[in-house]
Amino acid sequence: MRDAVLAADVLPLVVSNITPTAPHSLLKSCMFCIINLCRGKPGPKFGSILPALKGVTQVLMMDDSDLIEDAATSLYFISDGGGPRIAYTLATGILPRLVKLLAHPKVKISNTCLRIIGSITTGSDEETQAVIEAGAIEPLMAGMQSPNVNYRKEACWVVSNIAAGNALQATQLLNAGILPLVCKILKDDEDLVKIEAMWIATNVTTKMEASSIQLIAESGLISLLPVLLKTKDTKVLIIALQFVLNILQHAKKHYGDKNIIATQIEQIGCLDIMEELQYHENQMVYKFVSKILEEYFIDDCIGEELANDSNAASAISIFNFCVFVRYAAVLFAKFGVGSVSYTHL
């Protein structure tokens, strides 16, 4: 029935009734109609609901909370899905208004606007940059401290999308002071919020600039790694290991093997924890840990004995044999003797 109504071109007629002087009752009826024409699973074809954008954005600029709530709900249905939906939404110029509505006292309005902005940040770097330029970082960081746990989770998710953008966008988040806030969440918040916050830390370090390494070192985030690496939540553990790999890669690239990041990680006892994690039942955890230890801490694995040994060649042979035994033991524990593959050795 919905698609039949849309096919009859009813939507443009409904939108034509949305004017600044229209009575509240008429506007309420128009928004009720638009919401029901834009929702549903499967959703309507985007082209058939595109005419609603004009009316929805007009209502969003009004001061009536009930109408704004309906308009925001309609826009969420219209914009969700990526691709041209995001482009057409941005073309209306409504983004600054959505950012302002993040601070609206009515929870349903702020929540829905947050989800719309989140959908936009799943788009291209240019679309994500539009969110930043609309002034969204500050209210999003405020949202990460909301008393509502679901709102904190959603706000962290949106920020993690921004963090996954280009190096400039990651730097903008770092300069805004996102890491101390992430640290606070990882220390004190609920697990569902911690996962999204850990994604912020991991994403923001994927395309990090050299100047940001010191910010990471001073943020206090590395000091939380012993707790994060001992978590029973495999999802959090994998994200944390990706974070470790990211910061080590960038630190080594810009400052060489002996750098502040590697030193901090070693000093707080993370090497011992990662040695134990080589026996973790999750294959991805095992791969991350092995890569980190082999590529960034191989000298620590060899130990001081090798440096002091008068017969270096003999010591290296012994070390290589020990490495073989260690990985054979890990593979035996993880896969059984019959599953050992030489590609892992």
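A pocket here is an open set of grid points, on a 1 Å grid over the protein atoms alone, with protein on both sides within 12 Å along at least five of seven lines; its lining residues have an atom within 4 Å of a point. With that in hand, here are some exercises on this predicted model.

**Exercise 1. Find the residues that line the second largest pocket, and sort them by character.**

Solution. Start with the lining: C38, R39, G40, K41, G43, P44, I49, Y76, F77, D80 and R85. Next, sort these residues: five are nonpolar, two polar and four charged. Finally, add the volume of this pocket, which is about 200 Å³.

**Exercise 2. Locate P42 and describe the peptide bond that joins K41 and P42.**

Solution. First place the residue: P42 sits in the loop between α3 (24–38) and α4 (46–49). Then look at omega, which is about -5° for the bond between K41 and P42, a cis peptide bond. For context, most peptide bonds are trans. One partner in this bond, K41, also appears in the lining of the second largest pocket.

**Exercise 3. Decide whether D9 is buried or exposed, and examine its phi.**

Solution. Begin with the position of D9, in the loop between α1 (2–7) and α2 (10–15). Its relative accessibility is 52%, and exposed means over 50%, so D9 counts as exposed. Now turn to the backbone: phi of D9 is near 60°, a positive value in a residue other than glycine. Most residues other than glycine have a negative phi.

**Exercise 4. Work out how the buried residues of helix α20 are arranged around its axis.**

Solution. List the buried residues of α20 (residues 270–277): C270, L271, I273, M274 and L277. Looking down the helix axis, these residues fall within an arc of 160°, so they line one face of α20. To finish, check the other side of α20, where D272 and E276 are exposed.

**Exercise 5. Describe the surroundings of E190.**

Solution. E190 belongs to the loop between α14 (178–188) and α15 (191–204). At 46% relative accessibility, E190 counts as partly exposed. Setting aside neighbours within four places in sequence, E190 is in contact with V149 and R152. For a distance, take K153: E190 and K153 are 37 residues apart in sequence, with 9.1 Å from C-alpha to C-alpha.

**Exercise 6. Summarise the protein chain as a whole.**

Solution. Count the elements first: 24 helices and zero strands. Of the 345 residues, 47% are buried. Among contacts with a separation of 6 or more, 69% involve residues 24 or more positions apart. Last comes the accessible surface, about 16900 Å², with 56% belonging to carbon and sulfur atoms.

Note on methods:
Residues numbered from 1 in each chain as written. Predicted model: local features only at pLDDT ≥ 70, side-chain atom pairs only at ≥ 80, totals over all residues. Heavy atoms only, no water. Buried < 20%, exposed > 50% of the residue type's maximum accessible area, 1.4 Å probe, protein only. Helix = DSSP H or I, 4+ residues; strand = E, 2+ residues; numbered from the N terminus. Arc of directions from axis to C-beta. 1 Å grid on protein atoms, 1.4 Å probe; cavity = no way out; pocket = protein on both sides within 12 Å on 5 of 7 lines; lining within 4 Å. Points joined across faces, edges and corners; volume = space filled by probe spheres on them. Nonpolar A, V, L, I, M, F, W, Y, C, P; charged D, E, K, R; others polar. Contact = heavy atoms within 4.5 Å. Areas by Shrake-Rupley, 256 points an atom, 1.4 Å probe, with all protein chains shown as cover.
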